[in-house]
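Good morning, and thank you for coming. I should like to take you through one protein chain, from its overall form down to a few individual residues. Please look at the sequence and the model as they appear.

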Amino acid sequence: MTTPIDKLSFRLADEGDLAVLVGLYDAAAHRMRGSGIDQWRPGDKDAAHFRRRIAEGEVWLAVLDGRVAGAYELWWHDEPAWGVRPPEAGYVHRLMTDPEVAPAGTGRALLAHAERRIAAAGRALARLDFKASSPGLRAYYERAGYAVAGEQPFKEGDGSNYAVVLMEKRLG
């Protein structure tokens, strides 16, 4: 039996998706703040941010019945959080869903897609980070098989310094 999550398809974002990406980010930021998660602030990521991420790396969309259900950014290095590292990992950023479109499990499906992309690139680790003041995110990622790899007390981002928890998952 096919479930809604099985009907998700994935595609790379392009310039035509900038408004959708900004909208996803802002809506996710509002939901996080409403749930007591101090991770993102509405308005922090604009079209220029996503245009840059599309040009410099990979931004993926999950699509269901022609509508965007979620997205994530995949980076191939992340020095602000992880420092200089050998090319052993892919770094997942801005995992976000639209609850009006996304069936239950879409966040995990996005993570699984990122993990497949990372493994296909010959890298053994999926990594991510989040603000240390967001314990709910830690629990979410632990349930997805990620383990704490450390903490970076002074990640610089958008003009402010903040501590992040570093998590990783061994692939394959």
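**From one buried arginine to the whole chain**

Let me begin with a single residue: Arg94 counts as buried, because its relative accessibility is 12%, under the 20% that marks the limit for that class. Before going further, I should say that what you see is a predicted model. Arg94 is found in strand β4, which covers residues 89-97. Its backbone also deserves attention, since the phi of Arg94 is near 50°, a positive value in a residue that is not glycine. Why does that deserve a remark? Most residues other than glycine have a negative phi.

There is a second residue of this kind. Asp65 is not a glycine either, and it has a positive phi of about 50°. Is Asp65 buried or exposed? With a relative accessibility of 68%, Asp65 counts as exposed, because the limit for that class is over 50%. As for its place, Asp65 sits in the loop between β2 (58-64) and β3 (67-75). To put the two side by side: Arg94 belongs to a strand, whereas Asp65 belongs to a loop.

Let us now step back to the chain as a whole. How many helices and strands does the secondary structure come to? There are five helices and seven strands. Following the sequence from its start, one reads the pattern β-α-α-β-β-α-β-α-β-α-β-β. The radius of gyration of the chain is 15 Å, close to the 16 Å that the globule rule gives for 172 residues, so the chain is as compact as a globular protein of that length. Along the principal axes, the C-alpha atoms fill a box of roughly 40 × 35 × 30 Å. Of the 172 residues, 44% are buried. If we take the contacts with a separation of 6 or more, 64% of them are between residues 24 or more positions apart.

A good example of such a pairing across the sequence involves Phe10, which is in strand β1 (residues 9-12). Phe10 and Ala62 are separated by 52 residues in sequence, yet their C-alpha atoms are 4.6 Å apart in space. Phe10 is partly exposed, with a relative accessible area of 23%. Setting aside neighbours within four places in sequence, Phe10 is in contact with Trp60, Leu61, Ala62, Ala109, Leu110, His113 and Arg116.

One of those partners, His113, leads us to helix α4, residues 106-120, where His113 lies. His113 counts as buried, at 9% relative accessibility. Which residues does His113 touch, not counting those up to four places away in sequence? They are Phe10, Trp60 and Tyr72.

Finally, I turn to a pair of helices. Helix α1 (residues 18-34) and helix α2 (residues 47-56) pack with their axes 9 Å apart, at an angle of about 115°. The two helices are therefore roughly perpendicular to each other, and their crossing is right-handed. On the α1 side, the contact is made by Leu18, Leu21, Val22 and Tyr25; on the α2 side, by Ala47, Phe50, Arg51 and Ile54. Sorted by character, the residues of this contact comprise seven nonpolar, no polar and one charged.

That concludes the tour, and I thank you for your attention.

Conventions
Residues numbered from 1 in each chain as written. Predicted model: local features only at pLDDT ≥ 70, side-chain atom pairs only at ≥ 80, totals over all residues. Heavy atoms only, no water. Axes fitted to C-alpha atoms, helices over the stretch in contact; angles between N-to-C directions. Helix = DSSP H or I, 4+ residues; strand = E, 2+ residues; numbered from the N terminus. Parallel < 35°, antiparallel > 145°, perpendicular 65-115°, else oblique. Left-handed = near helix turned anticlockwise from the far one by under 90°. Contact = heavy atoms within 4.5 Å. Nonpolar A, V, L, I, M, F, W, Y, C, P; charged D, E, K, R; others polar. Rg over C-alpha atoms; globule rule 2.2 N^0.38 Å. Buried < 20%, exposed > 50% of the residue type's maximum accessible area, 1.4 Å probe, protein only.
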